[in-house]
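The report that follows walks through selected side-chain features, beginning with charged pairs and ending with a surface patch. Please keep the sequence and the coordinates at hand while reading.

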Amino acid sequence: MRLTDAEIDAALAGLPGWTRAGDGIERNYRFEDFTRAFAWMTRGALLAEKADHHPEWSNVYNRVEVRLTTHDAGGITAKDIALATAMDA
């Protein structure tokens with residue numbers, strides 16, 4: 001079930017760096033180098049697989065751009081907030 005605007009705003013208040021972008025939330029991460037960026041993506045992939053909720057993301061050298069949305073719900077759900085929280089941990 002999609003979250004309301006108020007629920008999304010409240011959740012994003014506790015997720016520094018994440019912003020709303022249309023029907024999803026986004027964050028850009030920067031790491032010391034490519035190896036650390038790729039290691040973070042590997043951990044993120046395992047979290048996503050366990051949650052059965054997969055990000056839209058891209059990597060260029062030490063940067064990782066992440067976008068989360070729940071396609072089958074047509075917007076932002078608790079799954080997106082939970083995965084964003086796990087990625088930040």
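Is Arg-36 buried, partly exposed or exposed? Arg-36 counts as partly exposed, because its relative accessible area is 45%. The answer, like everything below, refers to a predicted model.

**Salt bridges**

Arg-36 takes part in a salt bridge with Glu-32, in which the side chains meet at 3.8 Å, N to O. Glu-32 is classed as exposed because its relative accessibility reaches 61%. A search of the whole structure gives six salt bridges, and among them are the three listed in the table.

| Acidic residue | Basic residue | N to O distance |
|---|---|---|
| Glu-26 | Arg-67 | 3.5 Å |
| Glu-32 | Arg-36 | 3.8 Å |
| Glu-56 | Arg-67 | 3.9 Å |

The side chain of Glu-26 meets that of Arg-67 at 3.5 Å, N to O, and this pair links distant parts of the chain, with Glu-26 in strand 2 (residues 24-30) and Arg-67 in strand 4, 41 residues apart. Arg-67 also forms a salt bridge with Glu-56, where the closest N and O atoms are 3.9 Å apart; here too the pair links distant parts of the chain, Glu-56 lying in strand 3 (residues 56-60) and Arg-67 in strand 4, 11 residues apart. Together with Asp-23, the residues Glu-26, Glu-56 and Arg-67 are linked in a network of salt bridges.

Within this network, Arg-67 is buried, since its relative accessible area is 19%, and the cut-off for that class is under 20%. Glu-26 counts as partly exposed because its relative accessibility is 32%, and Glu-56 is likewise partly exposed, with a relative accessible area of 32%.

**The loop residue Thr-69**

Thr-69 sits in the loop that runs between strand 4 (63-68) and helix 3 (78-88). Thr-69 is classed as buried because its relative accessibility is 4%. Its side chain reaches the backbone oxygen of Asp-23 at 2.6 Å, and Asp-23 is itself one of the residues in the salt-bridge network. When residues up to four places away in sequence are not counted, Thr-69 touches Asp-23, Gly-24, His-53, Glu-56, Gly-75 and Asp-80.

In helix 3 lies Ala-82, which counts as partly exposed because its relative accessibility is 46%. Ala-82 and Thr-70 are separated by 12 residues in sequence and by 12 Å in space, taken from C-alpha to C-alpha.

**Aromatic side chains**

How many aromatic pairs does the structure hold? There are six aromatic pairs, and one of them is the stacked pair of Tyr-29 and Phe-31, with 6.2 Å from centre to centre and 20° between the planes. Tyr-29 and Phe-31 are both buried. These two residues also belong to one aromatic cluster, whose members are Trp-18, Tyr-29, Phe-31, Trp-40 and Trp-57.

**A nonpolar surface patch**

Which residues form a nonpolar patch on the surface? The patch consists of Phe-34, Phe-38, Val-60 and Tyr-61, which together have about 420 Å² of accessible area. Phe-34 is placed in helix 2 (residues 34-51), and Phe-34 counts as partly exposed because its relative accessibility is 39%; this value is consistent with the patch criterion, which asks for over 30% relative accessible area.

How values were computed. Residues are numbered from 1 along each chain as its sequence is written. This is a predicted model: local features need pLDDT of at least 70, side-chain atom pairs count only at pLDDT 80 or more; totals for chains, interfaces and linings use all residues. Side-chain values use heavy atoms; hydrogens and water are left out. Patches are made of residues with over 30% relative accessible area and no salt bridge: like charges are joined within 9 Å, nonpolar side chains (Val, Leu, Ile, Met, Phe, Trp, Tyr) within 5 Å. Accessible areas come from the Shrake-Rupley method with a 1.4 Å probe; for residues, only the protein chains shown count as cover. A salt bridge is a side-chain nitrogen of Lys or Arg within 4 Å of a carboxyl oxygen of Asp or Glu. Helices (H or I, at least four residues) and strands (E, at least two) are DSSP runs, numbered from the N terminus. Buried means under 20% relative accessible area, exposed over 50%, partly exposed in between (1.4 Å probe, protein chains only). Rings of Phe, Tyr and Trp (its six-membered ring) pair if their centres lie within 6.5 Å; planes under 30 degrees apart count as stacked, over 60 as edge-to-face and the rest as tilted. A polar contact is a pair of N or O atoms within 3.5 Å; within protein, one must be able to donate a hydrogen and the other to accept it, and residues adjacent in sequence count only if both atoms are side-chain atoms. Contact means heavy atoms within 4.5 Å.
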